[in-house]
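Student: I have a structure open and I want to learn to read it. Can we go through it step by step?

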Amino acid sequence: MNLILVFEQMLNGVQFGVMLFLMAAGLTLVFGIMNLVNLAHGSLYMVGAYLTVAAVQWTGSYPLGVLLGLLGTLVVGMLVEVIALRTLYERDHLDQVLATFGLILFFNELIAIIWGRAALYTSLPTYLQGFIEIIPGSIYPVYRALVIGVGLVVGAVLWYVVARTRLGMLIRAGASNRTMVAALGVNIRLLYTVVFGFGAALAGLAGLMAGPIYAVQPGMGELILIQVFVVIVIGGIGSIRGALVGALIVGMVDTLGRAFLRPLLAHFISPPAAEAAGPALASMLIYLLMALVLAVRPEGLFQAKSG
Amino acid sequence: MRARTLILATCVLLLAAVPALATLAGQPFYIDLLRRVMIFAIAAASLNLILGYGGLVSFGHAAYLGVGGYAVGIFAFYGVHNGWLQWAVAIGASALVALAIGAISVRTRGIHFIMITLAFTQMLYFLGISVEEYGGDDGMRLKVKSQFSGLIDLDDPTAFYYLILVLLLGTLYLVHRLVNSRFGMVLRAAKSNEARSRAIGFSPYPYQLVAFVISGAICGLAGALLANHTAYITPGFMEWTRSGEIMFMVILGGMGTAPGPVLGAFALLIVEDLLAGWTQHWQIILGPLLVLSVLFFRRGLAGLLPGGRKGG
Amino acid sequence: MRTLVRMLAAVFAAASLAIAPLAAAQQKIKIGFITTLTGPAGIIGKHMKDSVELALDHLGNKMGGVPVEVIFGDDQFKPDVGVQVAEEMLKKQQVDIMSGIIWSNVMMAVVPVVTGAGKVMVGTNAGASPLAGKACHPQFFSTSWNNDQTPEAMGKFLQDQGVNDIYVMAPNYQAGKDMVAGFKRYYKGRIVEEVFTTMGQQDYQAEITQLRAKSPKAAFVFYPGGMGVQFVRQYFQAGLRERIPLYSVFTVDETTLPALKEAALGQYEAKFWSPDMNVPASKRFVADFRKKYGYTPAFYGAQSYDGMMLIDSAVRMNKGSLADTKAVVAAMRKANYDSIRGPFKWNVNQFPIQDFFLLRAEKGGPDGVQMKIQKKVFNDHKDSYYQDCKMAW
């Protein structure tokens, strides 16, 4: 197994992890800070992808389309929060699960009615279609390298905002004691709406980045949602740092597992058995990882809330 | 309390009258539809025990539908059609699987418990898909239904219907007795305030584990029933989306109430069937309906019944 | 509002009594058609539904002079829902015949229900091997194929071309394994690697990297639906298309071409039919379909169209009625209709004996990219299971 291949696969793992991070960051923010289980996060991912595809077609420009798509998802997110989710903050997690599941059905069908059920055509602008040579002998698609870059930048920005700015302080304070912050004169409702909006925008960003490489179709969010939940559980709920680390770990384990597990197994057991066991085990790998982490450290790797 | 009992008794009588009514109206299809609804009501009732009363949100309940279903299927595959044996194994195997999963999961709390139960179900699902011997994800057909030495013929739609009705009532009664016993008290106490129940000297862990196992076993029975009803078993029984559906029935119907799971199963499946017959875009109607029901029916559908205090 | 439950129960009981059997009212042919209308696979259901409705247009909404009604049902990709829908159609709406079904597992669950009710089922997609072999039944006809035939065709083509060092990929579920098995039944050359990926996987970058590292001469894949869109697009983005030609089955077709467009150019597929097929019935079907709906039909639609025409032929032979099942079976066995694949022949297991072709995605056509037939691979091909079928007629 040559080293260049391993390196390439590690890059793939990082890129997959970064996509998961973009989704997980929004979800963990909303769950950790507003104590809201939002199953419809995947729907916001889908909305981001669809709005961007539509905006790119409408304006003919990729950067402009991306901007419009992001803004659109932000607006949709805030609308959803105001209309449907406001009253759910005080409710039981399970009620939140049922309600946000209702939202999933609604959004999937709405998208299907507007755009149809077939996967949409998406493509990369020509200047993003090439390859770069990261190390000699290994070529990597420019777009995927861009995804990694964007994800890391977003991570840094998020951390800065939450840890170093006044807004971040308000968010963290609101999570610890909502009533107290409101008593101090801060408009908690507006704060939560803004936070939810940004969570939505993050999901939308993940969606629009996924658009050119994954299939843009109704229900695309649910396919990735379960992996995102695994990430935030491993990383620790409410922790952005945890979301990043968790996402990278899950991305690497899953990618490297899919690439190398079967050949590795074939060294120890007979090839036909490895053929059968390898793929099955590779699909279960991230769940096994999660079970392991929870067994050793039940709160996840990074604990965000102190109470 | 009297009005409530009257209403519930009427519902039971109506359910019992369905086969006669349906045949009279020349619509035997409803017997089959309601059979399926009642099977899921049993599954929901089993989940209600640990979720509604115990506060354990198991996202992996569909696993037991699969275990129970495959117990029947695998026996039939090898030519063993004895219903007593099949169903005993369905219940027993589900209990064992629940014990294994529960022993690890019940130690965790909240979202972690949800995720772990979900993870186990996913693993079972992927396992089911890859085992080619029993059809993989193509599933396998149940050519001969469970045989009960001539006592009851499951191929007779009406007889099967009444069997399921009796089993449903039995399940509800069992859950009711469990929940109102000393065992149930500890379980419910642990749900509302775990620290306090520990302070009194009860460690909730063994109680929760036992409840988890019983819940899994009952759901395994539902799986065996479903396999006989559909005459087909697939790993799809164990998909996490199925677990979600059962959970929604419990939540919609009213968690921690006796009629809750039945109401939830009926409402969800019958509304689905009605809407689907109406338009292919039924999900855009069902979605907001679910949201509205959560926003307005604070204690689920059961909260609409008179005298709707907890328990019942 | 308080007695919601009582109301619910009462309403539905009343409704069930109110919907008295209207079957006796007027003579009408009722066809029950089950497909998947919701979810990501709903696009396939759309192709099938639109094709069925076009068939009805072509027939003037009548079969053998009798008005015909098609009732569509959604199986939601679940066998138990499929069974429920089938029972609803048979018992409540009292259909005369059943048709459709995309998925093998739904088909296997539904067929016994239909045959048990004494009705005929005309399958228009799923071609599960047991139904072609041991479980064949006089009341089951298929206007599609046996699942293995298509990969067998691709295997034969690559074997005849003498291509060695092929990289094989498919999702890790029953159909995936069947496709690979079918491929290997005819392809005897060297297979570099067989990789099974997770169902529903979206990102194939890791697998594509592995593939590139092994430098095979060609790749053979099976990725239906959204998985296909993702895999093909990522394969194209990885720049592998020119170096390692991609041969596939059920991966690129008219349901996924609109999403792929130029990313699919150069892809090879094996199929029994293509929109550019030079058969009069097919040309008419495709032209009128494009005119009515504005998109190109996929083979799912062509098969469903054929299904309706086959049923029509049986109705005509039985003087406008489908009541006598034995007579219906006898009439269907004659297959006296113009199929979109040309002259139609049944195998003993009531699956078609048909030709298979190599297709390639090329520039052109009304959508920019289209599949075009390159050459015939199989002449009058029979599936590999018919010898297990004990029917004789």
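Tutor: Start with one term. Domain bounds here come from an automatic or database domain assignment. Keep in mind that this is a predicted model.

Student: Which domains is chain C divided into?

Tutor: Each domain of chain C is built from two stretches of sequence. Domain 2 takes 149-271 + 356-381. The other is domain 1, at 24-145 + 279-346.

Student: How far apart do the C-alpha centres of domain 1 and domain 2 of chain C lie?

Tutor: The two domains do touch. In chain C, 12 residues of domain 1 are in contact with 11 residues of domain 2. Their C-alpha centres lie apart by 29 Å.

Student: Which helix gives the largest share of the side of domain 1 of chain C that touches domain 2?

Tutor: Look at the makeup of that side of domain 1 of chain C. Eight residues are nonpolar, three polar and one charged. The largest share is three residues, and they come from helix α2 (residues 42-58) of chain C.

Student: What radius of gyration does chain C have?

Tutor: Chain C holds 13 helices and 14 strands. Its C-alpha atoms fill a box of roughly 65 × 60 × 40 Å along the principal axes. For 393 residues, a compact globule would be near 21 Å; chain C agrees with that, at 22 Å.

Student: What percentage of the residues of chain C count as buried?

Tutor: Begin with the contacts in chain C that have a separation of 6 or more. Of these, 72% are between residues 24 or more positions apart. As for burial, the share among the 393 residues of chain C is 61%.

Student: Now chain A. Why is chain A as compact as a globular protein of its length?

Tutor: Chain A has 11 helices and two strands. From the N terminus on, its elements run α-α-α-α-β-β-α-α-α-α-α-α-α. The globule rule gives 19 Å for 307 residues, and chain A is close to that, so it is as compact as a globular protein of that length, with a radius of gyration of 20 Å.

Student: Is α4(A) largely enclosed by the rest of the structure or largely open, and how many of its residues are buried?

Tutor: Check the length of helix α4 (residues 93-115) of chain A. At 1.5 Å a residue, its 23 residues should span 33 Å, and its end C-alpha atoms are 32 Å apart, which agrees. Just after α4(A), Gly116(A) takes a positive phi of about 85 degrees. α4(A) is largely enclosed by the rest of the structure, because its buried residues number 18 of the 23.

Student: Which element gives the largest share of the side of chain A that touches chain C?

Tutor: The contact takes 31 residues from chain A and 32 residues from chain C. By class, the side of chain A has 19 nonpolar, seven polar and five charged residues. Its largest share is six residues, from α1(A).

Student: What is the radius of gyration of chain B?

Tutor: Chain B has 12 helices and two strands. The globule rule gives 20 Å for its 312 residues, and chain B is close to that, so it is as compact as a globular protein of that length, at 19 Å.

Student: Which element supplies the largest share of the side of chain B that touches chain C?

Tutor: Here 40 residues of chain B are in contact with 38 residues of chain C. The side of chain B divides into 22 nonpolar, 12 polar and six charged residues. Six residues make up the largest share, and they come from α1(B).

Student: Which helix gives the largest share of the largest nonpolar core?

Tutor: That core has 340 residues, and those with the most contacts inside it are Ala24(A), Val230(A) and Val110(C). The largest share is 19 residues, from helix α2 (residues 29-53) of chain B.

Student: Leaving aside neighbours within four places in sequence, which residue of chain B is in contact with Val230(A)?

Tutor: Leave those neighbours out. Among the contacts of Val230(A) are Val250(A), Ile286(A), Tyr287(A) and Met290(A). From chain B comes Met115(B).

Key:
Residues are numbered from 1 along each chain as its sequence is written. Chains are lettered from A and ligands numbered from 1 in the order in which they are written. This is a predicted model: local features need pLDDT of at least 70, side-chain atom pairs count only at pLDDT 80 or more; totals for chains, interfaces and linings use all residues. Helices (H or I, at least four residues) and strands (E, at least two) are DSSP runs, numbered from the N terminus. The radius of gyration is taken over C-alpha atoms; the globule rule is 2.2 Å times the number of residues to the power 0.38. A nonpolar core is a set of buried Ala, Val, Leu, Ile, Met, Phe, Trp, Tyr and Cys residues joined through C-beta atoms within 7 Å. A residue is buried if 20 or more other C-beta atoms lie within 10 Å of its own, exposed if 12 or fewer, and partly exposed in between; C-beta atoms are placed from the backbone. Two residues are in contact if their C-beta atoms, placed from the backbone, lie within 7 Å. Ala, Val, Leu, Ile, Met, Phe, Trp, Tyr, Cys and Pro count as nonpolar, Asp, Glu, Lys and Arg as charged, and the others, Gly among them, as polar. The expected span of a helix is 1.5 Å times one less than its number of residues.
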